[in-house]
Amino acid sequence: LSQEKLEIINADRGRGEITDQGIVRHLEGNIHLRQGAAELFCEQVTWYVDQNKTVLKKNVRFIDGQKTLKADKIIYHNKEQVAHATGHVVLIDSVYRLTSNRATYYEEAEKITADDSVRITDDENSIILTGQHAEYYSETEYAKATGDPVLTKLDSTGNKEIVVTGDVMELFDGGDRAIVTDNVDITHEKTTATSNKAEYFKDENRILLSDEPIVQQKFDKLSGNEIELFFKKQNLDKVIISGDAEVSSQVDTTFDDSRLNRLLGNTIRLTIEDSRLKQVFVEGQATCYYYIIEDEEYKGLNKIIGDQIIMTLDEGEIKKIIIDSDPQTSSGIYYPPGHEKTES
């Protein structure tokens, strides 16, 4: 740790006294202190010389390189180079802006811990992370939030594009990657998703959901071992479901209809336009159950099995189905009304 002494650069008034805590110096008005590369500004200082502790109050600013820490009050331990800040705390560096009611800054580790109404803002990536507790390491650009954390991604107009909640949130490499774990809930326009783990990759504009992921998009439900969500600009563009993949859609959305069109396979890829499914590609033990409705009259249920199934939809309705398979491994079964079987 640095052993450089704390210097008084400026103060309007000052006095000293000897107490049971040793020498104590009091400074007031336009105060400027310095220790090494760190600069401290405020309006009131109580400096416990023998204890290597300084208490700064009123419009406190602590500047260390590219980092600025502001607060109503800072208790600075000179030898350890640790600052405890309370009241309207603001930390600003080249990547994030952090606000809270309480924070502790560790100079040597370039680490800050914050508590109570924590808010971390990443203006470059339009990300806001809030919670009741946070840790931030400025050298590695790593941030972690707990205590009902919420991550919000804003669009170009400043409106909420994606909102994520979970038990623990972590930002890596200045927001290039994020991981949310336990009780994950994601909202994007008409799409909602839940899982126990979610990873966000900025460069690919991709979210990877794992550990019991489920995606609900209006009347369509997606599930599998892993689900990848791909975004083009601000819109959900493509989805890949891997392992025990299933897509189910409500047959008739005009009333409470429990019947579901279902697609099952090892992998399912979906193309999405305007928040609606446009094409579905199923491979590996591909199975399709879909209800036949012609001129608003129910005609029965079809079951199709093949190596690959390609389905084209329009406004939620199935328009075309292509089965790609060896003749020996493909089959189709028709169930008339009243004789349906939907086991997978």
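A residue counts as buried when its relative accessible area is under 20%, as exposed when the figure is over 50%, and as partly exposed in between (1.4 Å probe, protein chains only). By that yardstick Glu228, at 17% relative accessibility, is buried. The structure is a predicted model, in which local features need pLDDT of at least 70 and side-chain atom pairs count only at pLDDT 80 or more, while totals for chains, interfaces and linings use all residues. Residues are numbered from 1 along each chain as its sequence is written, and side-chain values use heavy atoms, with hydrogens and water left out.

To start with the overall shape, the protein chain has zero helices and 26 strands. Here helices (H or I, at least four residues) and strands (E, at least two) are DSSP runs, numbered from the N terminus. The radius of gyration of the protein chain comes out at 29 Å, well over the 20 Å that the globule rule gives for 344 residues, so the chain is more spread out than a compact globule. That radius is taken over C-alpha atoms, and the rule is 2.2 Å times the number of residues to the power 0.38. Along the principal axes, the C-alpha atoms fill a box of roughly 100 × 35 × 30 Å. Of the 344 residues in the protein chain, 45% are buried.

One of the buried residues is His26, with a relative accessible area of 17%. His26 sits in strand E3 (residues 22-35). The C-alpha atoms of His26 and Val45 are 5.7 Å apart, although 19 residues separate the two along the chain.

Next come the salt bridges, and the structure holds 12 of them. The term covers a side-chain nitrogen of Lys or Arg within 4 Å of a carboxyl oxygen of Asp or Glu. Arg102 and Asp116 make one such pair, with their closest N and O atoms 3.8 Å apart. This pair links distant parts of the chain, since Arg102 belongs to strand E8 (residues 97-106) and Asp116 to strand E9 (residues 111-122), 14 residues apart. Arg102 is partly exposed, at 40% relative accessible area, and Asp116 is also partly exposed, at 28%.

Glu199 pairs with Arg177 in another salt bridge, where the closest N and O atoms are 3.8 Å apart. Glu199 is in strand E16 (residues 191-201) and Arg177 in strand E15 (residues 177-188), so the pair ties together parts that are 22 residues apart in sequence. Glu199 is buried at 15% relative accessibility, whereas Arg177 is partly exposed at 27%.

Back to Glu228: its side chain meets that of Arg206 in a salt bridge (2.8 Å, N to O). Glu228 lies in strand E20 (residues 226-232) and Arg206 in strand E17, so this pair, too, ties together parts that are 22 residues apart in sequence. Arg206 is buried, at 11% relative accessibility. Elsewhere, salt bridges that share partners join Arg177, Lys197 and Glu199 into one network.

Finally, there is charge on the surface. Asp148, Asp167, Asp182, Asp211 and Glu212 form a negative surface patch. Patches are made of residues with over 30% relative accessible area and no salt bridge, with like charges joined within 9 Å and nonpolar side chains (Val, Leu, Ile, Met, Phe, Trp, Tyr) within 5 Å. Within the patch, Glu212 counts as exposed because its relative accessibility is 62%. Glu212 is found in the loop between strand E17 (206-210) and strand E18 (214-217).

Methods. Accessible areas come from the Shrake-Rupley method with a 1.4 Å probe; for residues, only the protein chains shown count as cover. Lys and Arg count as positive and Asp and Glu as negative; His and the chain ends are not counted. The place of a charge is taken as NZ of Lys, CZ of Arg, CG of Asp or CD of Glu.
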